[in-house]
Amino acid sequence: MAKQNKQKTLNKKRHAIQALGMLAVNGNLIGFLKGQIYKGPMKKVCMPVLNCYSCPGALFGCPIGSIQATIGSRKFDFAFYVVGLLSLFAIAAGRLFCGYICPFGLFQDLLDKIPLKKIKVPQKVNKVLKYLKYFILVFFVFVLPFALQDKYGISDPYFCKYICPSGILFGAIPLISMNRVLTASLGALFGLKFTVLAIITTLSMIFYRPFCRYLCPLGAFLGMFNPISLYRLKINGKCIKCRKCERTCKLDIPTYKTPNSPECIRCGECIKACPVKAIEQSFLFTEKNTNMKLKIKKE
């Protein structure tokens, strides 16, 4: 019972950090009141979370949207600045941003709290579906904007336009609610995107973070850096392979085998669940310093 209460307290702390993170990237509160989009200089900076440019509260740019907008522009061929900045974030902490800052991640976490019977995705299905987000990253974010440019070198942001549920949740719906004139211009595309959001919302109530697991191209990009990021998880010699970390993980990751799996959002629940404290958080530089000190002591 004490362990369960401790875990609930830790979860509340993470959700509080997520809420602060959401406020940090969507801090233009006056935009929600006026139904206007912030277009200031901060929008040139991309944070490593899905944060739609069209959200009235958005202070920063969305990296996925920015990549597509750059590729589909007449002025540029590739989003070197955005991809470079995103790579720096990924090298620093991998998918930690998914677990602690992403607004749409928080949305799914809150839906998971609804007391409905949860469904466990079969491992065989999960092993196949987890690659879908990499396909979306390559095909919808990079290939289509390159391949389907018109004669002027302009193309649509295909992921944002046809798939991204974050844009409709935090962008379209707040704007429409504050500006009824926009309601008259809604068409089939809004209906498609709203349907995508409705499906993901429903699925999020019965199994954990379906969008993050199978559809998010940003999660795919950040996850590729999990094994080499400066922040990482480490299994020490205390591990007894009880597999409690795997049973605790809502993403079904066998942490004792792959502590830095590309699927891991660094929520930390496995660390607290481990009965022998075999899972440690470490930073590359501090790890090297510790090893150096141990070496000096031995000498």
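Biologist: Which helix gives the most residues to the nonpolar patch on the surface formed by Val125, Leu129, Leu132, Phe135, Val138, Phe139 and Val143?
Modeller: In this predicted model, these residues together have about 530 Å² of accessible area. Two elements give two or more residues to the patch, helix H7 (123–129) and helix H8 (132–147). With 5 residues, the most is given by H8.

Biologist: Is Val138 buried, partly exposed or exposed?
Modeller: Val138 belongs to the nonpolar patch and has its place in helix H8. Exposed would require over 50% relative accessible area, and buried under 20%. Val138 has 47%, so it is partly exposed.

Biologist: Which residues form the positive surface patch, and in which helix is Lys13 found?
Modeller: The patch consists of Lys13, Lys238, Lys272 and Lys277. Lys13 has a relative accessible area of 52%, so it counts as exposed. The element that holds Lys13, residues 2–25, is helix H1.

Biologist: How many helices and strands does the protein chain have, and what is its radius of gyration?
Modeller: The chain has 16 helices and 2 strands. For 299 residues the globule rule gives 19 Å, and the chain comes close to that, so it is as compact as a globular protein of that length. Its C-alpha atoms fill a box of roughly 70 × 45 × 40 Å along the principal axes. The radius of gyration is 21 Å.

Biologist: How many of the 10 residues of helix H6 are buried?
Modeller: Across the protein chain, 46% of the 299 residues count as buried. In H6 (residues 103–112) the buried residues include Pro103, Gly105, Leu106 and Leu111. Phe104, also in helix H6, is buried because its relative accessible area is 1%. The helix is largely enclosed by the rest of the structure, because the number of buried residues is 8.

Biologist: Which residue forms a salt bridge with Asp109 at 3.0 Å between the closest N and O atoms, and is that partner buried or exposed?
Modeller: The partner is Arg209. Arg209 lies in the loop between helix H11 (188–206) and helix H12 (210–214) and Asp109 in helix H6, so the pair ties together parts that are 100 residues apart in sequence. Asp109 is buried at 2% relative accessibility. For Arg209 the relative accessibility is 0%, so it counts as buried.

Biologist: Which residue meets Lys161 in a salt bridge?
Modeller: The N to O distance of this pair is 3.0 Å. Lys161 counts as partly exposed because its relative accessibility is 26%. Its partner also counts as partly exposed, at 30%. That partner is Asp156.

Biologist: In which strand is the Glu280 that forms a salt bridge with Lys234?
Modeller: The closest N and O atoms of this pair are 3.8 Å apart. Lys234 is partly exposed at 30%, and Glu280 is partly exposed at 31%. Lys234 lies in strand E1, and 46 residues away in sequence Glu280 lies in strand E2.

Biologist: What distance separates the C-alpha atoms of Leu233 and Pro259?
Modeller: Leu233 has its place in strand E1 (residues 231–235) and counts as buried because its relative accessibility is 5%. Leu233 and Pro259 are 26 residues apart along the chain, and their C-alpha atoms are separated by 5.5 Å.

Methods
Residues numbered from 1 in each chain as written. Predicted model: local features only at pLDDT ≥ 70, side-chain atom pairs only at ≥ 80, totals over all residues. Heavy atoms only, no water. Patch = residues over 30% accessible without salt bridge, like charges linked within 9 Å, V, L, I, M, F, W, Y side chains within 5 Å. Areas by Shrake-Rupley, 256 points an atom, 1.4 Å probe, with all protein chains shown as cover. Salt bridge = Lys/Arg side-chain N within 4 Å of Asp/Glu carboxyl O. Lys, Arg positive; Asp, Glu negative; His and termini not counted. Charge placed at Lys NZ, Arg CZ, Asp CG, Glu CD. Helix = DSSP H or I, 4+ residues; strand = E, 2+ residues; numbered from the N terminus. Buried < 20%, exposed > 50% of the residue type's maximum accessible area, 1.4 Å probe, protein only. Rg over C-alpha atoms; globule rule 2.2 N^0.38 Å.
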